[in-house]
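Please look through the sequence and the structure below before reading on. The paragraphs that follow will then lead you through the model step by step.

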Amino acid sequence: MAPLMVGAFYNPHLGAELARAQGIDHLAMADPPAPTDPHWPAIKARYTLLLHDYLGQLSEPLDERSIARARALAELYRTPWVAEHFQCLHTEDGRYNINYVFPPLYTDEFLRRFVANAKALQARLDQPLVMENIPGFFDVKASQLPEPVWLRRFFDQTGAGFLLDLPHVWLEAHYRGVKPATWLAEFPLEQVVELHVAGVEEDRDLEGPWIAPAEPTDEMLDFTALAVSRCPAAKAVTFDAFAPSLTSDVLFKSVERIREAL
Amino acid sequence: MSDRELHDLVLHALADAPFRASREWRDRALVEPGRLERFARFLARHFYYERIVHFFKYSRALARVTGRCPEAVLKSADFDALLATAVLGSRETARDVAGLAVRHVKEVTPPPPPPPQLPYLNDLLRYEEAMMIAEAGPRMWRDSAHERAAGSREPSAPERVEGTALLDLAYDLPAVLPRLLQSWVEVPQAPAQPVKLLIARSPHGRVTVARADAAVASVVELADGRKTLEQLAREAGLRATDLETTLVGLSDLGAVRFATGS
């Protein structure tokens with residue numbers, strides 16, 4: 001097994017620090033670089049970059065404009081893989097958009113849609129596609145399959161890689177009242193290419209924990225070490241924080257602690 | 001009803017507080033109501049945080065002078081009071097939230113005069129408020145064959161797109177805005193030069209600002225979807241070729257569209 005890369009997200013407001021940082025193997029790109037970003041040339045020259053933008057929701061086929069954009073970004077970053085999410089966040093008519101990752105119904109119909117549209121996207125990309133799990137804060141009664149079963153069927157039918165977001169698994173376990181390790185074991189870990197790790201904090205609206213641009217707790221780091229030991233094909237672990245409020249201290253300390261935990 | 005349509009109902013409920021409270025939604029009993037409400041409130045705060053950080057970025061950059069960060073309004077009782085009627089992405093809610101942000105930066109109602117080193121603050125807040133309102137509304141997420149066909153029809157009566165705004169300002173803001181986002185010691189000043197700006201949004205949601213001359217302003221004000229090109233040219237005092245050039249530019253920005261009469 002090749003050594004795991006340990007990295008973070010490119011946060012442009014921390015561009016100067018990231019351009020001269022040590023101990024970071026890669027940066028995930030959530031947004032294209034701004035034309036005025038003075039640090040982008042150094043960042044591009046220095047790091048392995050992972051395409052992790054919003055390309056489109058695969059409940060519908062991506063249109064030509066979106067595919068061309070995905071291809072252009074993949075080429076710009078020279079990304080080893082292209083990431084998208086198991087999400088469906090705007091209505092088909094474009095009228096309602098919640099502007100936040102939100103999982104589809106776990107049904108056969110949605111599975112067919114995601115498989116067909118992912119295959120169509122894969123055929124147009126020069127890099128492998130990886131797909132990230134998205135947490136549900138509540139169950140929708142219309143869902144037919146447990147999320148891990150639905151994901152396994154998706155990966156088996158498409159050959160796509162799994163981007164395993166560990167705080168998402170941890171949060172789902174929390175809100176289901178089960179142990180994170182027990183819930184994790186249900187997922188198709190042999191398909192994992194990349195893992196995300198992040199902090200969680202209490203949210204006033206949710207009245208419970210949610211993802212935050214904070215350092216991962218010791219419990220989350222132990223959970224990471226456990227997950228990595230069960231993901232034989234994993235190539236990278238990424239500190240998943242992308243926010244204007246993220247400080248350089250939190251980013252660098254988190255990457256350092258993730259590396260120590262592995 | 002397909003699973004996709006059912007999922008759209010869930011998205012509608014998350015985005016639209018009055019719908020969430022309706023019998024039509026509650027009778028379906030798809031989701032535990034308490035959980036849905038908590039997540040919807042979380043989404044609303046996130047939705048408008050992203051927009052205030054983006055559209056009020058110049059006010060944020062001036063916070064060390066004004067002492068007021070516009071996004072702080074999202075933690076206020078006034079914003080909490082809006083949540084019962086908020087419809088994410090609607091122009092009405094965008095207007096309400098942008099208005100709260102403006103009042104927050106001005107601190108009190110009625111507002112005091114701007115700080116002496118910021119004589120253009122009121123203009124800036126009007127500009128940022130207009131940008132945020134213009135961005136709201138349904139958007140086209142993907143190109144479709146139907147839309148391409150509709151766009152290829154012979155154009156007839158130009159119509160001002162809802163949300164398009166003309167702003168008369170006492171200060172030339174475009175001359176100072178980029179400098180506000182760079183590092184500065186002395187507050188960058190805007191020339192006391194009246195300008196008229198056009199703010200428009202493309203069908204895909206991209207908001208653009210352009211300086212508007214008298215011809216552009218009159219065409220935007222007169223384009224009501226009923227006047228023919230000949231009537232519009234006559235009332236705006238333009239030659240047919242000049243009108244055509246102006247309309248092409250306005251259409252590209254998303255400021256006007258063509259009623260097809262079908």
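**A walk through the model**

In chain B, helix H8 is followed by Glu107(B), whose phi is positive, near 80°; helices here are DSSP runs of H or I with at least four residues, strands are DSSP runs of E with at least two, and both are numbered from the N terminus. Most residues other than glycine have a negative phi. This is a predicted model, in which local features need pLDDT of at least 70 and side-chain atom pairs count only at pLDDT 80 or more, while totals for chains, interfaces and linings use all residues. Residues are numbered from 1 along each chain as its sequence is written, chains are lettered from A and ligands numbered from 1 in the order in which they are written, and side-chain values use heavy atoms, with hydrogens and water left out.

Helix H8(B) itself covers residues 91-106, and because 16 residues at 1.5 Å a residue should span 22 Å, its end C-alpha atoms, which are 22 Å apart, agree with the expectation; the expected span is 1.5 Å times one less than the number of residues. Many residues of H8(B) are buried, including Arg91(B), Val97(B), Leu100(B) and His104(B), where buried means under 20% relative accessible area, exposed means over 50%, and partly exposed lies in between, using a 1.4 Å probe and protein chains only. The cover over these buried residues of H8(B) includes H4, helix H7 (77-82) and helix H9 (121-135) of chain B, and such contacts are heavy atoms within 4.5 Å.

Helix H4(B) deserves a look of its own. With 23 residues, H4(B) reaches 33 Å from its first C-alpha to its last, close to the 33 Å expected at 1.5 Å a residue. At its N-terminal end, H4(B) is capped by Glu32(B), which has a side-chain oxygen 2.9 Å from the backbone nitrogen of Gly34(B).

What does the interior look like? The largest nonpolar core has 147 residues, and those that touch the most other members are Phe138(A), Phe154(A), Leu164(A), Leu195(A), Leu14(B), Phe39(B) and Tyr120(B); a nonpolar core is a set of buried Ala, Val, Leu, Ile, Met, Phe, Trp, Tyr and Cys residues joined through side-chain atoms within 4.5 Å. Helix H4(B), residues 33-55, gives this core its largest share, 10 residues. A second, separate core of 19 residues includes Ala212(B), Leu243(B), Leu247(B) and Val256(B). Leu14(B) touches residues of both chains, among them Ile98(A), Phe102(A), Phe138(A), Phe39(B) and Leu43(B), when residues up to four places away in sequence are not counted.

Another residue to find in chain B is Leu62(B), in the loop between helix H5 (57-61) and helix H6 (63-66). Leu62(B) has a relative accessible area of 0% and is therefore buried. Leaving aside neighbours within four places in sequence, its contacts are Leu118(B), Tyr120(B), Leu124(B), Leu180(B), Trp184(B) and Val187(B). Seen as a whole, chain B has 14 helices and 5 strands, and buried residues make up 49% of its 262 residues.

Chain A offers a strand to follow, E1(A), residues 5-9, which is largely enclosed by the rest of the structure because 4 of its 5 residues are buried. E1(A) runs parallel to strand E10 (residues 236-239) of chain A, joined by 4 bridges, and two strands pair if DSSP finds at least two bridges between them. In this pairing Val6(A) stands opposite Val237(A). E1(A) also pairs in the parallel sense with strand E2 (residues 26-29) of chain A over 2 bridges, and there Phe9(A) stands opposite Ala28(A).

Which residues of chain B does Asp205(A) contact, leaving aside its neighbours within four places in sequence? They are Arg38(B), Arg41(B), Phe42(B) and Arg45(B). Asp205(A) is found in the loop between strand E8 (199-203) and strand E9 (208-212) of chain A, and at 10% relative accessibility Asp205(A) counts as buried. Its side chain makes a polar contact with the side chain of Arg45(B) at 2.6 Å; a polar contact is a pair of N or O atoms within 3.5 Å, of which, within protein, one must be able to donate a hydrogen and the other to accept it, and residues adjacent in sequence count only if both atoms are side-chain atoms. Glu207(A), in the loop between E8 and E9 of chain A, is exposed, with a relative accessible area of 57%.
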